[in-house]
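Q: Please take a close look at one part of this model for me. Then use it as a starting point for the other local features.

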Amino acid sequence: MLLTLTTTHPPASDLGYLLHKHPAKVQTFSLAFGQAHVFYPEVSEARCTAALLLDIDPVGLVRGGSDFALSQYVNDRPYVASSFLSVAIAQVYGTALNGVCKDRPELAATPIPLVATLSVVPSRGGEDVLRRLFEPLGYQVTAERHTLDEQFPAWGMSRYYTVTLTHTVRLADLLTHLYVLIPVLDDEKHYYVGVDEVEKLLKRGEGWLAAHPARELIVTRYLKHQRGLKQAALSRLVEDAPDPLAQDDEEEAAERQISEKVSLHDQRLGAVLAVLKQTGAQRVLDLGCGEGRLLRLLLAERQFNKILGMDVAHRSLEMAAERLRLDQMPAHQRARLELLHGSLMYRDPRLEGYDAAAVVEVIEHLDPPRLAAFERVVFGAAQPGVVIITTPNREYNVKWETLPAGEFRHKDHRFEWTRAEFAAWAQGIAGRYSYRVRFLPIGPDDPLVGSPSQMAIFERGETEIPTKEVAVAELWAAAGGAA
Ligand code: SAH
């Protein structure tokens, strides 16, 4: 696997300063999975090329013992640009990747003509994806596609390309784009992808990813299709790039502004989904399902083979049906989902016999005197094994400058509770109906006022989910983990 970087910016040999690698030497670096060699095939004032040759040790990969290595090493890993190359870029060209150059700081900050060639790059989705990733960033892309086997042309073309990227760009930006987009092209990573990876992506994506037209594809693949992580990343990117076309009614927009600021609703749904997955529940209720945002996530998980969404508002159910494209849903998928018009104020036998129920941001819409009816309907009659309830944490409201003191987050909220109020209510229910209850914060956890949203997890009888308090970060990871 070879990556070359060429510049014609005079004096071109300054590329050595930018990369912190002396043009007259061959240097070898030892990496966990093999070796990287840096050398300069061409050095002059007019033109200079640095080459990074990655020499992956296939035997070492197998010794590492991961399934990934076993399945891949026999194929292409030693020979193609992949997440191994990204790691090598970070380790061997780390200073340049970070835009630091003590000797030539202005040069590091200046866009210069650069050509990167990569041999060989696997591209899932072919040349089209390659172009979709690099062209919006200003690169001129050439791609030469390789046959599967030169001796057997009839086998057709492979997904491997030799790629040239040409652009006048800061070296740090070029390295950053390669660092992020190579594993995206490959659609694979050689290491476990957890919540740290979101931070890494947002850090490396700063200044370009939010506005990239293939943002969703990049985030999805970079985070290995883990739904929880993807949502966490996308919602934070959206925060960077507000959609100027979004024209909602003022009030909705105000609520959205508040929740998007902390990408709260996505975090909430990710956390609820993660807990539901951990419980092993197969038959689940979404009570007060609204427009079906949680339902959509539930449908995507095969674990849930019976999903019932219930709401008192006809209009919300219609919107849920529309958003989920119920009418176009394949029969086997459709059979897993039921939408029910009903109220949490009245006992309803159709809600009985479920493993778990989610009640996301619903209780604060009920008049306090009616909470007793809610309690009887859910815990007394329907009695799912697990009940997950989320509601705002009023203490956190002081953190939102746009929210006048003492006001609720939404005009339909009948109350917003402190952590202590929520806990007291939930513990009362647990005692009356023989559930155990524990609490998790959702969103950034402030030492003084807690997190913006709070979650109570009730468990009945045999149901036992890991008793240690799980950080929401881990929950996201769990949410995506089996996705
Ligand atoms: N759970 C959804 C919607 C939250 S908004 C989400 O997280 O996106 C609150 C929802 O509760 C609304 O859709 C509202 O119609 C519903 N709701 C309010 N009172 C209800 C009741 N008595 N029974 C069932 N649903 C109710």
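In which strand is the place of Val120?

A: Val120 sits in strand β5, which covers residues 112–122. Keep in mind that this is a predicted model. The bond leading into this residue deserves the close look. Ser119 and Val120 are joined by a cis peptide bond. Its omega is about 5°. Most peptide bonds are trans.

A cis bond also turns up between two prolines. The peptide bond from Pro10 to Pro11 is cis, with omega near -15°. Pro11 belongs to a loop. That loop runs between β1 (2–7) and α1 (15–19).

Next, a backbone angle. Most residues other than glycine have a negative phi. Gln383 is not a glycine, yet its phi is positive, about 50°. This residue lies in the loop between α17 (371–382) and β12 (386–392).

Now the ligand. Its surroundings comprise 16 residues. The closest are His265, Gly288, Asp311, Leu344 and Val360. By class, the shell holds seven nonpolar, seven polar and two charged residues.

Several polar atoms of the protein pair with atoms of the ligand. His265 uses its side chain: a polar atom there lies 3.0 Å from a ligand oxygen atom. Val360 uses its backbone: a polar atom there is 2.8 Å from a nitrogen atom of the ligand. Val312 also takes part through its backbone, with an N or O atom 3.4 Å from a ligand nitrogen atom. As for cover, the ligand on its own has 570 Å² of accessible area, and the protein covers 81% of it.

Last, a helix pair. Helix α8 spans residues 171–186, and helix α10 spans residues 215–222. Their axes come within 9 Å. They cross at roughly 80°. Angles of 65 to 115 degrees count as roughly perpendicular, so α8 and α10 are roughly perpendicular to each other.

The residues that meet can be named on each side. From α8 come Tyr179, Val180, Leu181, Val184 and Leu185. From α10 come Ile218, Arg221 and Tyr222. By class, this contact has seven nonpolar residues, one charged residue and no polar ones.

Back to the starting point: Val120 is in β5, and the bond joining Ser119 to Val120 is cis.

Methods: Residues numbered from 1 in each chain as written. Predicted model: local features only at pLDDT ≥ 70, side-chain atom pairs only at ≥ 80, totals over all residues. Heavy atoms only, no water. Axes fitted to C-alpha atoms, helices over the stretch in contact; angles between N-to-C directions. Helix = DSSP H or I, 4+ residues; strand = E, 2+ residues; numbered from the N terminus. Parallel < 35°, antiparallel > 145°, perpendicular 65-115°, else oblique. Contact = heavy atoms within 4.5 Å. Nonpolar A, V, L, I, M, F, W, Y, C, P; charged D, E, K, R; others polar. Near = heavy atom within 4 Å. Polar contact = N/O pair within 3.5 Å; in protein donor to acceptor, adjacent residues only side chain to side chain. Areas by Shrake-Rupley, 256 points an atom, 1.4 Å probe, with all protein chains shown as cover.
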